[in-house]
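User: I am new to this structure and would like to go through it with you. Could we begin with how the chains meet?

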Amino acid sequence: MLRTVVAGLKARPKRLLLSAVAIMLGVAFVSGALVLADAVHASVRAAVTYQLRGVDADVTVKHGDLDDTVLNQIRQAPGVASAEGRAFTPTPLLVDGHARDAGAIALPADPRLRPFDLAGGRLPGKADEVATAAELGYAPGERVTVFDQNGTQHQYSVVGSFSRPTDAGIGAPQLVLTPDAARQLAPGTAYSEIIARAAPGVSQQQLADSIARTVHGVDVATGEQAASQLLGNAAPDSASLTKFFTAFAVLAMVVAGLVILNSFTILVTQRARELALLRCVGADRSQVFASVLAEAVVVGVVASVVGLFAGLGVAAALQTIIGAQSVYVPLSVRSAVESVAIGVLVTVLAAAVPARAATRVAPVEALRTPLEGKSTRAGRLRVTAAVVAFLVAVGAGALSLGVDTDTGAALAIVAMVALLLAALTIGPVLVGPVVRTLSSVFAPAVGQPAKLAALNADRNPRRTAASAAALTIGLAVVSMVTTTTAGIEAGQSRGLDQQLAADFTVTTAVVNRPLPDNLAGTLARVPGVSVTAERLSFNGDLGSAGVYSMAAVTGSAVGSLLHPAVLSGRLDHLDVGEIAVSKELATETRLKVGDTVAARTPLRVVAVYDSVNAPGVDLGLALVDLAQQQAIAFKGEPGYDESVLVKVASGSAAAQVRPVLEQALSGAPLAQLNTVADIKEQMTTPLRGTLNLLWALTALAVLIAFAGIANTLWLSVLERTRESALLRALGLTRGGLGATVMTESVFVALLGAACGLMVGVASAWMLARVASTDAQPVLFTLPWDRLGVLVAASVLAAGLAALIPARRAARQSLTTAMADR
Amino acid sequence: MDSPAAVEAADVVKVYGHGDGAVRALDHVSVAFPTRRFTAIMGPSGSGKSTLMHCLAGLERVDSGQVRIGRHEVTRLSDAALTRVRRDHVGFVFQSFNLLPTLSAEDNILLGLRLAGRDPDKQWFDTVVDVLGLRARLGHRPSELSGGQQQRVACARALVGRPDVVFADEPTGNLDSRSGAEVLGFLRASVHEFGQTVVMVTHDPVAASYTDHGVLLADGRVASHLQRPTADAVLSALTSLGA
Ligand SMILES: Nc1ncnc2c1ncn2[C@@H]1O[C@H](COP(=O)(O)OP(=O)(O)OP(=O)(O)O)[C@@H](O)[C@H]1O
Ligand SMILES: [Mg+2]
């Protein structure tokens with residue numbers, strides 16, 4: 001039996017080539033995702049190792065401060081070769097007149113306890129010297145300006161540059177200063193940790209024990225323990241990234257599985273006579289089943305191994321897209337085995353259905369004249385199943401509108417899946433009418449080939465529908481995501497327009513640096529400005545209710561400059577002694593209008609609100625008057641993320657006021673002037689980035705779908721060799737024959753794309769209805785440009801996919817084709 | 001009948017289709033095919049020759065009646081059991097599409113045995129291959145063989161497992177008279193010299209003249225039997241049936 005399989009594979013490698021490509025792409029994605037996970041982990045591990053290199057003991061405290069007294073005690077402990085205090089000082093840099101976030105560490109005296117390497121120049125030796133991170137691009141001799149906590153500017157001259165890993169998210173400083181300079185910038189700052197190196201012959205454990213005996217009230221970890229802790233803290237981040245990619249790997253494999261299913265179905269149909277002959281000669285059903293599966297295994301293994309290595313490329317590409325600094329492609333045995341196993345498994349599972357069909361080929365069929373594998377017309381069962389799926393979709397969709405968001409989202413997902421299933425089930429029924437319509441649309445331009453293409457597509461509707469289905473899935477996902485993103489964008493924009501009556505906001509470029517004192521007052525006096533208001537975020541202590549991130553706002557601005565959506569109560573202004581709570585906080589603490597919050601000063605709840613969350617106008621979980629902030633601030637901590645809202649006078653235009661405002665702000669480099677349009681831009685940028693990544697990821701699934709379409713056409717062309725020759729003999733030109741195949745491909749793609757778009761857009765509509773709230777509306781808008789690009793790309797790709805099959809059809813010599821078989 | 005039948009049909013009825021469109025292809029056919037004999041099934045086109053052969057070979061289910069191959073009553077066997085009977089006791093030569101295009105001649109000949117997991121009898125294999133003059137062609141693919149050679153490979157495959165019976169449906173239908181004569185001569189030799197049993201469907205009087213015995217079908221019934229048929233006798237018998 002094996003011999004038959006091998007001989008069959010050898011004789012017809014091309015028939016399986018394209019199905020192999022589909023699996024290969026799918027596995028490339030899977031292994032790419034796995035390798036990426038390993039890579040993220042490896043880069044985190046590398047960064048952690050770097051950060052803690054040379055560290056034999058790591059001292060931290062839960063309560064109290066690590067200061068120089070502790071540092072000196074540790075230095076005196078037996079077995080300590082050297083010890084250094086580590087503190088990360090926020091040092092915003094002045095770049096092009098604006099402040100930019102940056103941080104500094106003091107230069108450790110012990111060269112072996114430095115978490116960076118000198119890349120050029122030298123390290124700072126005097127208090128006015130600085131070494132900068134290589135990626136900032138400063139040359140020795142340049143001068144940099146840094147802000148201290150009070151906003152005072154300090155100047156340093158660059159003497160060198162250094163390098164260290166940055167993409168592990170474990171805090172990488174941009175500046176290295178002398179200890180004196182660091183102390184000057186942030187006097188009295190405690191160390192976040194103290195690290196120590198052991199004297200020769202002292203083990204990490206001995207050192208840790210010795211320090212623990214010498215200094216009390218501190219936590220001492222060995223270097224290794226500290227590294228694994230740090231690694232543990234960084235891990236969840238990389239895990240969520242991996243999950244995200246895995247979801248798309250699953251999508252790719254589902255689509256690849258569909259392609260395999262279709263391709264083996266066709267192969268089995270075409271080989272019905274051979275299979276029947278095998279049965280006549282004595283093969284039993286299990287042998288026929290095994291022969292088809294064996295073929296799938298071979299295809300699966302070969303394609304998966306190739307895919308595995310292609311996956312290394314995918315991993316590298318994904319790292320580039322997500323902007324990693326250094327690209328790792330570690331290939332672990334586990335990822336290799338898993339990718340190949342998944343590839344082979346999907347291939348075999350997908351081939352199992354046609355393999356079962358193969359066992360149903362009756363031996364007598366070997367004796368009959370070959371019939372073309374014509375599938376039965378849509379059965380009543382199919383239509384019923386599609387209608388049931390559709391009703392489930394409508395039902396779940398209708399229910400989802402009436403319930404709370406979480407249940408609604410779950411129901412919406414059920415509805416989406418049901419809708420997709422309905423579309424996939426009804427596919428074969430749609431093929432006939434759709435291609436006939438397309439044919440009459442295309443016929444005037446394309447002529448006879450359009451008619452032939454429609455006939456060809458319709459002669460085996462199930463096959464045509466199956467090739468289209470792979471595309472439907474991919475496009476449903478892309479169009480849903482695209483439409484939903486457009487809806488969120490539009491919703492944010494509308495939400496902001498409704499809730500923010502200001503024309504400008506002034507925000508601080510560095511989150512925990514305050515704006516200049518009384519900036520609101522200064523700006524209010526700028527000609528053309530009608531009113532300004534101040535806003536800042538802070539941690540508010542609401543007594544027994546808990547500590548929450550809240551916002552404080554000039555009370556009179558509420559209701560005039562800021563209009564959060566009011567769910568209950570009134571919010572036309574906010575007085576001292578009053579508080580407005582967000583929907584989330586109301587749900588969590590069960591506070592309602594009229595209640596009194598027992599904070600340090602009692603606060604009466606006047607409203608429950610819901611608001612759009614935009615940079616500079618974040619209203620947090622609760623809102624109080626600015627005058628109240630001091631009184632309820634947690635531990636008296638200062639506020640952060642300060643902003644000023646500016647509204648221009650009714651007579652003047654925002655564009656004219658802008659230069660005047662900029663002029664007024666020229667002395668405050670930390671202040672950043674934003675128009676409402678800027679804010680919208682800031683809100684959508686991350687969304688756009690995610691959308692682009694999603695497009696890139698789904699593109700692969702769509703690519704696989706096109707491999708599937710090319711595959712089906714290729715097999716159909718081979719199947720119709722004699723018929724094509726007959727058409728040629730009767731006068732169809734080569735070009736005409738090629739055009740027929742191309743047109744069929746375009747028809748299939750249009751069918752798949754149309755179904756996918758309908759499912760995707762309908763799902764997006766449902767999501768918009770479910771997720772939309774008054775404060776954060778999600779609108780249903782059709783992003784015509786992006787959807788148009790999708791359809792155009794589908795048609796183009798369909799033409800490309802048909803190139804090879806079309807060439808093959810046209811190239812066939814007349815006589816060999818007639819004599820074939 | 002001088003020896004026990006290798007294959008036997010008893011009161012077999014086969015109907016294709018339902019209702020108005022139903023065709024009674026076999027209408028209470030009872031016939032036995034003795035061992036070590038070369039038998040022809042003859043009759044006009046549409047008389048039910050192929051149908052009878054398919055039923056006898058267990059390729060087609062009968063609507064009523066029994067079919068016995070060797071010791072096996074096949075009408076009620078499961079598909080798996082029927083496959084085993086076919087594999088071990090029956091050989092086939094068809095008019096066309098006898099060989100898997102992807103396998104060499106040798107692999108095609110040995111296909112049945114390999115499927116059954118049986119080892120070929122080396123000596124018998126050599127005998128069959130040499131008698132059929134296929135020695136030099138064993139490594140070739142079917143597409144590299146002439147029609148006559150392809151039919152001879154099919155004969156070799158049918159015989160190499162020493163089945164209880166070989167069924168041949170118009171084995172010479174696609175061949176010129178010389179190649180046809182070679183194949184027919186071999187089938188006769190396999191019966192008379194090697195003791196095989198062959199049942200051949202044909203409507204060619206010349207082909208029938210190679211056989212020991214002829215069964216004539218007309219409208220799905222056995223019309224008559226011919227002992228040691230000659231071409232002339234077959235022709236006149238067929239003409240008398242109005243073919
Ligand atoms: N699969 C089938 N479905 C329906 N009718 C069939 C089928 N196979 C055969 N028949 C009918 O049964 C009858 C007998 O057919 P059969 O093929 O046995 O004839 P035959 O004697 O072999 O003819 P020929 O010499 O032309 O090969 C014919 O009327 C034929 O139309
Ligand atoms: Mg016949």
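Analyst: Certainly. This is a predicted model, and between chain B and chain A there are three residue pairs in polar contact, with both residues at pLDDT 80 or more.

User: Which elements of chain B give two or more residues to the side that touches chain A?

Analyst: They are helix H2 (79-89) and helix H3 (105-116) of chain B. H3(B) gives the most to that side, with five residues.

User: And how do the residues on that side divide into nonpolar, polar and charged?

Analyst: The side of chain B that touches chain A has ten nonpolar, six polar and eight charged residues.

User: How many salt bridges are there across the interface?

Analyst: The rule finds two between chain B and chain A. One of them joins Asp79(B) to Arg285(A), with the closest N and O atoms 3.2 Å apart.

User: How much area do the two chains bury between them?

Analyst: About 2200 Å², of which 65% is on carbon and sulfur atoms. In chain B, Phe97(B), Thr102(B) and Leu115(B) lose the most area to chain A, together 28% of what that side buries.

User: Changing topic: which residues have the most contacts inside the largest nonpolar core?

Analyst: Leu56(B), Phe92(B) and Phe167(B) do, in a core of 155 residues.

User: What is Leu56(B) in contact with, leaving aside neighbours within four places in sequence?

Analyst: Its contacts include Val7(B), Phe33(B), Ile41(B), Val67(B), Ile69(B) and Phe167(B). A second, separate core has 34 residues, among them Val128(B), Leu145(B), Leu159(B) and Val166(B).

Notes
Residues are numbered from 1 along each chain as its sequence is written. Chains are lettered from A and ligands numbered from 1 in the order in which they are written. This is a predicted model: local features need pLDDT of at least 70, side-chain atom pairs count only at pLDDT 80 or more; totals for chains, interfaces and linings use all residues. Side-chain values use heavy atoms; hydrogens and water are left out. Buried area is the accessible area (1.4 Å probe) that two parts lose on being put together, summed over both. A salt bridge is a side-chain nitrogen of Lys or Arg within 4 Å of a carboxyl oxygen of Asp or Glu. A polar contact is a pair of N or O atoms within 3.5 Å; within protein, one must be able to donate a hydrogen and the other to accept it, and residues adjacent in sequence count only if both atoms are side-chain atoms. Helices (H or I, at least four residues) and strands (E, at least two) are DSSP runs, numbered from the N terminus. Ala, Val, Leu, Ile, Met, Phe, Trp, Tyr, Cys and Pro count as nonpolar, Asp, Glu, Lys and Arg as charged, and the others, Gly among them, as polar. A nonpolar core is a set of buried Ala, Val, Leu, Ile, Met, Phe, Trp, Tyr and Cys residues joined through side-chain atoms within 4.5 Å. Buried means under 20% relative accessible area, exposed over 50%, partly exposed in between (1.4 Å probe, protein chains only). Contact means heavy atoms within 4.5 Å.
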